[in-house]
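This report describes the fold of one protein chain, from its overall architecture to selected residues. The sequence and the structure are shown first.

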Amino acid sequence: MRVDPYLIFDGQCEAAFSFYQQCLGGTIAAMHRYADAPAGWDDQPGCEAIPSEFGNRIMHAGLILDGQMLMASDTVPPFPYEGIKGCSVSLNVGSIAEAERIFAALSEGGTVQMPLGKTFWAARFGMCTDRFGVPWMINCEIDREGQ
């Protein structure tokens with residue numbers, strides 16, 4: 001079993017995933033738009049016709065990161081966007097340098113809840129919310145590069 005976070009955006013999914021690929025690396029494995037869905041897909045139970053003005057929004061995106069998957073989509077009616085609440089995406093990295101680089105990139109244009117710093121459990125730990133409203137925790141338990 002694998003746990004893959006699935007994020008919901010309000011029209012910024014494509015921009016967010018391009019940004020995450022820049023910050024985190026990895027490969028964008030999927031970027032499907034509602035307008036590109038095959039005819040009849042919305043006849044399935046739980047699916048409803050998507051208004052044409054939402055056709056350019058992302059139905060499903062996937063970013064492969066070191067054998068794991070970060071997934072997302074844009075919300076559409078009848079599912080109003082309520083933001084991302086009550087959870088964070090936690091990244092565990094192997095070096096202080098990597099923690100500092102990723103934290104700086106993700107927090108730029110966002111907000112910092114806990115600055116990146118040494119804690120009793122980690123060489124570095126910090127919490128931020130990026131410019132797209134996604135909460136992140138960056139954790140470097142042991143600095144494998146010996147800084």
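The sections below treat the chain as a whole, then its two sheets, its largest pocket and two individual residues.

## Overall architecture

The structure is a predicted model. The protein chain contains 2 helices and 8 strands. Read from the N terminus, these elements follow the order β-α-β-β-β-β-α-β-β-β. Taken along the principal axes, the C-alpha atoms of the protein chain fill a box of roughly 55 × 25 × 25 Å.

Of the 147 residues in the protein chain, 41% are buried. Among contacts between residues at least 6 apart in sequence, 59% join residues at least 24 apart.

## The sheet of strands 1 to 4

One open sheet is built from 4 strands in the order 1-4-3-2, with mixed pairing. Its edges are formed by strand 1 (6–9) and strand 2 (27–33), each of which pairs on one side only. With direction ignored, neighbouring strands of this sheet are turned by 15° against each other on average.

In general, the strands of a sheet pair through backbone hydrogen bonds, in either the parallel or the antiparallel sense. Both senses occur in this sheet, as its mixed pairing states. Strand 1 runs parallel to strand 4 and is joined to it by 4 bridges; here F9 stands opposite D74 in strand 4. Strand 2 and strand 3 run antiparallel and are joined by 6 bridges, and I28 stands opposite L63 in strand 3. Strand 3 and strand 4 are also antiparallel, with 5 bridges between them; in this pair I64 faces M69 in strand 4.

Helix 1 (residues 13–24) lies across strand 1, strand 2, strand 3 (58–65) and strand 4. The helix runs at about 5° to strand 3.

## The sheet of strands 5 to 8

A further open sheet of 4 strands has the order 5-8-7-6, and its pairing is mixed. Strand 5 (89–92) and strand 6 (111–117) are the edge strands, each pairing on one side only. From one strand to the next, the twist averages 15°.

Helix 2 (residues 96–107) packs on this sheet and touches strand 5, strand 6, strand 7 (124–129) and strand 8. The direction of helix 2 makes about 10° with that of strand 7. Strand 5 pairs with strand 8 (residues 135–140) in the parallel sense over 4 bridges. Within this pairing, S90 stands opposite M137 in strand 8.

The following table lists strand pairs from both sheets.

| Strand pair | Sense | Bridges |
|---|---|---|
| Strand 1 and strand 4 | parallel | 4 bridges |
| Strand 2 and strand 3 | antiparallel | 6 bridges |
| Strand 3 and strand 4 | antiparallel | 5 bridges |
| Strand 5 and strand 8 | parallel | 4 bridges |

## The largest pocket

About 500 Å³ of space lies in the largest pocket. Its lining consists of 17 residues, and those nearest its centre are L65, Q68, S90, L91 and N92. Strand 4 (68–74), strand 5 and helix 2 are the elements that give two or more residues to this lining.

Which element gives the largest share of the lining? Strand 5 does, with 4 residues. By residue class, the lining divides into 11 nonpolar, 4 polar and 2 charged residues. S90, among the residues nearest the centre of the pocket, is also the residue that stands opposite M137 in strand 8.

## Two individual residues

D66 is found in the loop between strand 3 and strand 4. The hairpin of these strands has 2 residues between them. D66 has a positive phi of about 50°, although it is not a glycine.

Is D66 buried or exposed? D66 counts as exposed because its relative accessibility is 76%, and the exposed class begins over 50%.

E98 lies in helix 2. Its relative accessible area is 31%, so E98 is partly exposed. The C-alpha atoms of E98 and N139 are separated by 10.0 Å, while the two residues are 41 residues apart along the chain.

Conventions: Residues are numbered from 1 along each chain as its sequence is written. This is a predicted model: local features need pLDDT of at least 70, side-chain atom pairs count only at pLDDT 80 or more; totals for chains, interfaces and linings use all residues. Side-chain values use heavy atoms; hydrogens and water are left out. Two strands pair if DSSP finds at least two bridges between them. Axes are lines fitted to C-alpha atoms, for helices over the stretch in contact, and angles run from 0 to 180 degrees between N-to-C directions. Contact means heavy atoms within 4.5 Å. On a 1 Å grid over the protein atoms alone, a cavity is a set of points where a 1.4 Å probe fits but cannot get out, and a pocket is an open set with protein on both sides within 12 Å along at least five of seven lines; lining residues have an atom within 4 Å of a point. Grid points are joined across faces, edges and corners, and a volume is the space filled by probe spheres set on the points. Ala, Val, Leu, Ile, Met, Phe, Trp, Tyr, Cys and Pro count as nonpolar, Asp, Glu, Lys and Arg as charged, and the others, Gly among them, as polar. Buried means under 20% relative accessible area, exposed over 50%, partly exposed in between (1.4 Å probe, protein chains only).
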